[in-house]
Amino acid sequence: RAWMFLLPMMLLLLSIESIVVVLGPWLQDEHGFSSGGITGIAFGLGVFELVSSIAATRLTDRLGGWRSVMRGGALLMPASLIFVVGHHTLAFGLVALALATLGFEFAIISSMSVATTLVEGAPAAGLGLMISINTIGRSAGTALSTWLYDHHGATVAVGPVIATTIVATLALSAGINSRRRPAPSA
């Protein structure tokens, strides 16, 4: 059952990395931002990360780890849709990035509590597995979105995020449902 959590996490990391990698070039190419302006936007997004991290520490135990990850990850869908449709307008793009940051940070902080339960009796092994699979997702997202942005622009680079997030959310939902079913008796 660990893979029912690890594979969706890989997809969520691929999704967020696809958005993050596009941020700088999008601000520079489409909106004329300087390096200082991009840094200011990144700092502002850091505030959203902090807010979301605090929210995750307060809500994850109450909502449940799997559900919290699923809810946070699900915010990437509307965020990427808003970006794909409205990235030519700075305000829409920034709203999309703020939503993506809130959702992803909530998901990643919540995922740590789940990861420590993935390998029975070995919480560090479960957390290590998640970090490893997350690295694969981030690497794939970086490579994919960089290539897509360079060849097709921001819309195409962020577009696949919608599909990967839907698959991740459905897989997390299936994992939640499988955890409710009693184990077959031997």
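Angles between helix axes that are under 35 degrees count as roughly parallel, those over 145 as roughly antiparallel, those from 65 to 115 as roughly perpendicular, and the rest as oblique. Helices themselves are DSSP runs (H or I, at least four residues), numbered from the N terminus, and residues are numbered from 1 along each chain as its sequence is written. The model is predicted, with local features needing pLDDT of at least 70 and side-chain atom pairs counting only at pLDDT 80 or more, while totals for chains, interfaces and linings use all residues.

**Helix pairs**

The table gives three pairs, with axes taken as lines fitted to C-alpha atoms over the stretch in contact and angles running from 0 to 180 degrees between N-to-C directions.

| Pair | Angle | Axis distance |
|---|---|---|
| Helix 3 (residues 65-74) and helix 4 (residues 76-86) | about 10° | 5 Å |
| Helix 4 and helix 5 (residues 90-115) | about 165° | 8 Å |
| Helix 1 and helix 6 (residues 123-152) | roughly 35° | within 7 Å |

Helix 4 and helix 5 are therefore roughly antiparallel to each other. Their contact (heavy atoms within 4.5 Å) brings Leu-76, Ala-79, Ile-82, Phe-83 and Gly-86 of helix 4 against Phe-92, Gly-93, Ala-96, Leu-99, Ala-100 and Phe-104 of helix 5. By class, these residues divide into nine nonpolar, two polar and no charged, where Ala, Val, Leu, Ile, Met, Phe, Trp, Tyr, Cys and Pro count as nonpolar, Asp, Glu, Lys and Arg as charged, and the others, Gly among them, as polar.

Helix 3 and helix 4 pack at an angle of about 10°, which makes helix 3 roughly parallel to helix 4. Gly-72, Gly-73 and Ala-74 of helix 3 form this contact with Leu-76, Met-77 and Pro-78 of helix 4, and the class count is four nonpolar, two polar and no charged residues.

**Helix 1 and the loop after it**

At 1.5 Å a residue (the expected span being 1.5 Å times one less than the number of residues), the 29 residues of helix 1 (residues 3-31) should span 42 Å, and this agrees with its end C-alpha atoms, which are 41 Å apart. Helix 1 nevertheless bends by about 35° at Leu-23, with the proline Pro-25 following within four residues; the bend is the angle between axes fitted to the seven residues ending there and the seven starting there.

Just after helix 1, Gly-32 takes a positive phi of about 70°. Phe-33 lies in the loop between helix 1 and helix 2 (35-63), and, leaving aside residues up to four places away in sequence, Phe-33 touches Leu-27, Gln-28, Ile-38, Ile-41 and Leu-90.

Definitions and conventions. Side-chain values use heavy atoms; hydrogens and water are left out. Helices (H or I, at least four residues) and strands (E, at least two) are DSSP runs, numbered from the N terminus.
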